Amino acid sequence: MTPSKLALIVISSTFLAAATPLFSQELNSSFARDPGQPIDQQYTDQMRKYTTDPSFTSPLVDYLPASKTVPTPAKVLGDVSGAPDMLPYAEDVYKYFRLLEASSPRVKVFTIGHSEEGREMIAAAIADPKLLADAKANDARLAQLADPRTIGLDDAKGRPLLDQSWPVYYITGTIHSPETGAPTALMELAYRLAVDDAPYIKYIRSHMIVLITPVVEVDGRDRMVDIYKWHKAHPGQDWPHLLYWGHYVAHDNNRDAMAMTLNLTRNVLDTYLGWHAQVLHDLHESVPFLYDNTVGDGPYNAWVDPILGDEWAELGWNNVAQMQSFGMPGVFTHGDFDTWSPGYLMFLASMHNGISRLYETFGNGGADTEKRILDPEEYSRTWYRQNPALPVVTWSQRDNNNYEETALLTTISYFSHNTRHFLENYYRKSKRAVEKPSREGPTAYVIPPDSADINRQVELLKVLKRQHVEIEQLSDEVVANVPGEKRGDKAKQQTFPAGSIVVRMDQPYSRAADALLDRQFWAPSDPQKHPYDDTGWSFTHLFNLKVVRVTDPSILQSKMTLLDDPSKLAGKVSGSGSVLAVNNSGQISLLSLAYKLKGATIQVAEKPFDADGKHFAAGSLLITGAPDDASGILRDLSLDASRIAAAPSAPVHAVTAPRIAFMHTWLNTQTEGWWRYAFDTAGVPYDYINTQTAASQPDLRSKYDVLIFAPVGYSSTAEILSGIPSWNNAMPWQKSDLTPNLGALDSTADIRPGLGYDGLAHLKQFVEQGGLLITCEDTAQFAIETGLAPGVSVAPHDDARVVGTVLNTVFVAPNNPIAFGYGAGVPVISAAGMAFNVSNTVVHVGRRASPEAFKDPYEQRATGRGSVEDSDQPQGRKIAEAEPLLKQQPWEPKHLNEEETRNNPRVIPVQSRPDVILRFSDSKNLLLDGLLDKASSIAEHAIVVNAHLGQGNVLLFGNNPIYRGETVGTYALVFNAILNYQQLDYQHVPHEPAPAEKDKDEKNEDNH
């Protein structure tokens, strides 16, 4: 038995033993209904009809109380919640909640925001009328518990607040649109909480507020309902999968809790903190039959308060015990979900001193009742799942609703009987967050002012503001001790100028800032061998910034002022000359200027230069004829600029606004959505086409200068070319009377056809005629395998363990326009360690470079005279000098001698050979954050390569430079390439000698 399992058993056993009297009461009698309250028999009969097995329901939900004034969900649905063959739109769900509000004083409905496409999001508060009437006063008390600074961290002042307050339990549903059961379950749950007079529900209503957002991803919900309606109208036919959930991303909408790019994330957090809720409980669907992953598995996030871990154990094991008492199979709480990453929606609570919870309930991806055949792993009995799921089951959406409602009712009932306990924990966690500097530290994170970083600094500060983190600025210069770089190093003093940004850790939401700005380390030996998501995410690195972790408490005594609007830090224009110069330092909004400054002449400096006492890097923009509102545009884009007297003598090239198109497949639109978000946010316009468009339009180059083929997501070249098998019926994705919510972003009469060989030929022609094709991860592999990137192959990386890891890099071609504005390297996030090999000859698809290729050739010499550093010498003849052998570095092509190039048609002409732009660092310096094992298999390999084909270029990324709103530091690699797409010709990079070769060269120079 592993220590983690033993610990969980001890926790659960101790908890159960300590609470035996309470559990005895809870499990036997406290869920009894009010015998004097009539039952809605028709509704109850329908619920029982749709429940496929008696063990799939409980005494809590096998009846529905009747009301003469409050309508049941059937009023809107036309049938009971969870009925087969029916899914309601978000508007229908909202209509019902507003009917509840109109008919019951126990329900209040609020608009909490809107989606990117303008659809409403709501929250419904349910409690006794007195609690709702006093909600504002209660919130004022909870606000003081949430920020104990307001009461001087004085427990004596906190106690009456605890005595007078009641908690808020926030439940959210259907962030993942194909997981369809939660809205109807929450409609019925709301009815029960508002109407049922069972003693336990009356106790809930009188002791807490239950807050419900029934649909989180409203855009995706409406599209899912459309698809389901199409499915029901075409029985026996294949139906399209849900290609677009939200406007930008699909499943990753539940990975947005760090950067908070999406409206749904911001709306939920603002609601959670606006009500000062104690719990955020998110409802999902996957495994049978209900996985309360509140407990989950290790490793737990390193920045959460230990109190939270205890609360997870308490609530999770209690929930399982309650449902086991009803004989419901397949309920468990320990599983393979590690709680390491803070990117999940429910984790917003964990990072803000609350309790994060999540259910995974079995679902069918719609309202069909289906026979389901489980895998042995799903129905096996194990120590944490003594009553597992049934191996073969007929499962309905009503079964799903029964499980969700039963689990929620039992857990909020337990919560209602322990409100003081959980409120006190909430207060303690908030207080300990404020006391962080005097406990575990650090005291602050400091971001020194740096004109080169200011654009990305603003982006980071916007994220922290969305997290409701307080940001301040130093009023005066401060000297403070900072930790040494390595364990055991002595602290050193550092001077922070006035204007430095300070993120103090003596604030309520310090843990959110600490988790984002600190570094992460996942041990290769960790018992968890299958990380659930990214293992590294340090925004300090991913935003490519200098952020100092300070442990010296004296800095907190320095004079500071609050910074309310980070955008005011940038957008300054100095000087009075006729030329507007904007330094390139890796900003994310330089490309936008080409579109915003219409009518202006823009040139890019190809070399660094100095002007009017300022230094400008290669890639800086020189603008003449700028419009009168240029200063406002620069301010909006967080760009500083200088007006200089005259253009510099440095070589320049003119740039215009490139014509851009995103090309997507009909396989998946998840990952490319993050790219669209970045372009929309930056204000860079583009057309949105699909692979079928490319197949039907032979002259892409006449329309576009740049095609972006962002990652599809684990697709193969064959899938991109062939699409979805066409054995059966066509599957449309387009707007119709039946499907009014499809086709808003793009449409097709049939999603099945892929790019095809005609489309591939059109892509090739586009590049050969001077276009730039940008590819990434699986689309980079596609470009390689289809011959669009001569001389490039995917490096073997199977041995390396990389799982969403932040890695260090080195620029091989720092003078290439793609590298403009960067220093020696830039941190990148790597999903699985993808990298490239390059060659001066056309590579056979599937051929991999031998590991022997990168060894020192002189170390592999034959047996003979001398040492390894000497050459053997046959006896009895004159010395014959051999051709020098060059060590091939992992990022370099093999050097070809005359023998290898003679009459060899596979040799790529010099001007068409691939350029390596960026490579991984060496093994010792490769890891920055997360998990990395066996680094040597990918160390120093190329990760960004520009391949040449005809007159154009194919840019290949092994990393994803635009990912989840988190990789702001690498956005400029893409934007630089687009802005300078006409200047990406082959650039010879001299062979870089290995260290031993350098030593030899130095010795030779000494000898001369």
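Trainee: How many bridges join β11 to strand β16 (residues 548-550)?
Mentor: In this predicted model local features need pLDDT of at least 70, side-chain atom pairs count only at pLDDT 80 or more, and totals for chains, interfaces and linings use all residues. Residues are numbered from 1 along each chain as its sequence is written, and side-chain values use heavy atoms, with hydrogens and water left out. Strands (E, at least two residues) and helices (H or I, at least four) are DSSP runs numbered from the N terminus, and two strands pair if DSSP finds at least two bridges between them. β11 and β16 run antiparallel, and the number of bridges that join them is 3.

Trainee: In β16, which residue is the bridge partner of tyrosine 445?
Mentor: Tyrosine 445 belongs to strand β11 (residues 444-447), where Tyr445 and Ile447 point one way while Ala444 and Val446 point the other way. All of these residues are buried, a word that stands for under 20% relative accessible area, with exposed meaning over 50% and partly exposed in between (1.4 Å probe, protein chains only). Across in β16, the bridge partner of tyrosine 445 is arginine 549.

Trainee: Which residue in β15 does isoleucine 447 stand opposite?
Mentor: Strands of a sheet pair through backbone hydrogen bonds, either parallel or antiparallel. β11 and strand β15 (residues 501-504) pair in the antiparallel sense, over 4 bridges. Within β15, the residue opposite isoleucine 447 is isoleucine 501.

Trainee: What is the order of the open sheet of 5 strands?
Mentor: The edge strands are β16 and β17 (560-562), each of which pairs on one side only, and the twist averages 30° from one strand to the next. Strand β12 (residues 472-474) pairs with β15 over 2 bridges in the antiparallel sense, and glutamate 472 stands opposite valine 502 in β15. With antiparallel pairing, the order of the sheet is β16-β11-β15-β12-β17.

Trainee: Why is one side of each of β34 and β37 left without a neighbour in the sheet?
Mentor: These strands belong to an open sheet of 3 strands with antiparallel pairing, in the order β34-β32-β37. One side of each is left free of a neighbour in the sheet because β34 (828-830) and β37 (927-929) stand at the edges, each with a single partner strand.

Trainee: Which residue in β34 does valine 806 stand opposite?
Mentor: Strand β32 (residues 805-807) and β34 pair in the antiparallel sense over 3 bridges. Opposite valine 806, in β34, stands isoleucine 829.

Trainee: At what angle do helix α7 (residues 135-146) and helix α8 (residues 155-164) pack?
Mentor: Axes are lines fitted to C-alpha atoms, for helices over the stretch in contact, and angles run from 0 to 180 degrees between N-to-C directions. Angles under 35 degrees count as roughly parallel, over 145 as roughly antiparallel, 65 to 115 as roughly perpendicular and the rest as oblique, and α7 and α8 are therefore oblique to each other. Their axes are 10 Å apart, and the angle at which they pack is about 140°.

Trainee: Is the crossing of α9 and α16 left-handed or right-handed?
Mentor: Helix α9 (residues 182-195) and helix α16 (residues 397-416) pack at an angle of about 45°, with their axes 9 Å apart, which makes α9 oblique to α16. A crossing is left-handed if the near helix is turned anticlockwise from the far one by less than a right angle, and right-handed if clockwise. The crossing of α9 and α16 is right-handed.

Trainee: How many residues of helix α23 (residues 670-682) are buried?
Mentor: Trp674, Trp675 and Phe679 are among the buried residues of α23, and the helix is followed by glycine 683, whose phi is positive, near 80°. The helix is mostly covered, and of its 13 residues the number buried is 11.

Trainee: What is the relative accessible area of asparagine 293?
Mentor: Asparagine 293 lies in strand β6 (residues 290-297). Leaving aside its neighbours within four places in sequence, asparagine 293 is in contact (heavy atoms within 4.5 Å) with Thr333, Phe337 and Leu358. Asparagine 293 is buried, and its relative accessible area is 3%.

Trainee: Is threonine 624 buried or exposed, or partly exposed?
Mentor: Threonine 624 is found in strand β23 (residues 621-624), and beyond its neighbours within four places in sequence it is in contact with Ser578, Val579, Ala600 and Thr601. Because its relative accessible area is 32%, threonine 624 is partly exposed.
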